[in-house]
Amino acid sequence: MKRLHQKMIGQRWAIHWLDPSGHVGAELDEVKLFLCITEGKLVKLTKTMLVIQSSIYPDSQTGDFTAIHRSLVVDYQKL
């Protein structure tokens, strides 16, 4: 996979990642990670995670964010 880097911050991306999921009352062979695509602006990138902003209130730092562990990212595309 391509490497995530700090120059990507502030740009819009589609992040393809494996979403851990809980399984209650399920058969063992049903338990898996689910491929998920999150789109938005990359606002934070650390050694262990990235944060995608999908919405923000004007003149505020309040909004909707998704934190994704870097080891779960399988691909990404610039939007």
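These legends accompany close-up views of a predicted model.

**View 1. The whole chain, strand after strand.**
Let's start with the overall picture before zooming in. The protein chain has 5 strands and 0 helices. If you read along the sequence, you meet the pattern β-β-β-β-β. The C-alpha trace spans about 45 × 30 × 20 Å along its principal axes. Of the 79 residues in the protein chain, 24% are buried.

**View 2. An open sheet of 5 strands.**
In what order do the strands stand in the sheet? The order is β4-β3-β2-β1-β5, and the pairing is antiparallel. The edges are taken by β4 and β5, each with a single partner strand, so one side of each has no neighbour in the sheet. On average, neighbouring strands here are turned by 40° against each other, direction ignored. It helps to remember what holds such an arrangement together: strands of a sheet pair through backbone hydrogen bonds, either parallel or antiparallel.

**View 3. Strand β1 and its partner β2.**
Now look at strand β1, which covers residues 12-19, beside strand β2, which covers residues 34-45. The two run antiparallel and are joined by 8 bridges. You can follow individual partners across the pair. Arg12 has Lys41 of β2 as its bridge partner, while Ile15 has Thr38 of β2.

**View 4. Strand β1 and its partner β5.**
Strand β1 also pairs with strand β5, residues 73-78. How many bridges link β1 and β5? There are 5, and the pairing is again in the antiparallel sense. To find your way, start from Trp17, whose bridge partner in β5 is Val73.

**View 5. An aromatic pair between β1 and β5.**
The structure holds 1 aromatic pair. Its members are Trp13 and Tyr76, set edge-to-face, with 5.4 Å from centre to centre and 85° between the planes. Why does this pair tie together parts that are 63 residues apart in sequence? Trp13 lies in strand β1 and Tyr76 lies in strand β5, so the pair links these separate parts of the chain. Are the two residues buried or exposed? Both Trp13 and Tyr76 are buried.

**View 6. Strands β3 and β4, with Gln53 opposite Phe65.**
Here β3 and β4 run antiparallel, joined by 7 bridges. Gln53 sits in strand β3, and Phe65 belongs to strand β4, residues 63-69. Across the pair, Gln53 stands opposite Phe65. Compare how much of each residue is accessible. Gln53 is buried, because its relative accessible area of 13% falls under the 20% limit for that label. Phe65 has a relative accessible area of 39% and is partly exposed. As one more distance to check in this view, the C-alpha atoms of Gln53 and Gly63 are separated by 7.3 Å, with the two residues 10 residues apart along the chain.

**View 7. A nonpolar patch on the surface.**
Which residues form the nonpolar patch? They are Val43, Ile56 and Phe65, and together they have about 220 Å² of accessible area. You have already met Phe65, the partly exposed residue of strand β4.

**View 8. Asp59 in the hairpin of β3 and β4.**
Asp59 lies in the loop between β3, residues 49-56, and β4. The hairpin formed by these strands has 6 residues between them. What is notable about the backbone of Asp59 is its positive phi of about 55°, although Asp59 is not a glycine. Is this residue buried or exposed? With 87% relative accessibility, Asp59 counts as exposed, because the exposed label applies over 50%.

**View 9. Asp29 in the loop between β1 and β2.**
Our last stop is Asp29, found in the loop between β1 and β2. Asp29 has a relative accessible area of 72% and is exposed. How far apart are Asp29 and Asp64 in space? From C-alpha to C-alpha they are 33 Å apart, and they are 35 residues apart in sequence.

Terms used:
Residues numbered from 1 in each chain as written. Predicted model: local features only at pLDDT ≥ 70, side-chain atom pairs only at ≥ 80, totals over all residues. Heavy atoms only, no water. Pairing = 2+ DSSP bridges. Helix = DSSP H or I, 4+ residues; strand = E, 2+ residues; numbered from the N terminus. Patch = residues over 30% accessible without salt bridge, like charges linked within 9 Å, V, L, I, M, F, W, Y side chains within 5 Å. Areas by Shrake-Rupley, 256 points an atom, 1.4 Å probe, with all protein chains shown as cover. Salt bridge = Lys/Arg side-chain N within 4 Å of Asp/Glu carboxyl O. Buried < 20%, exposed > 50% of the residue type's maximum accessible area, 1.4 Å probe, protein only. Phe/Tyr/Trp six-rings, centres within 6.5 Å; stacked < 30°, edge-to-face > 60°. Axes fitted to C-alpha atoms, helices over the stretch in contact; angles between N-to-C directions.
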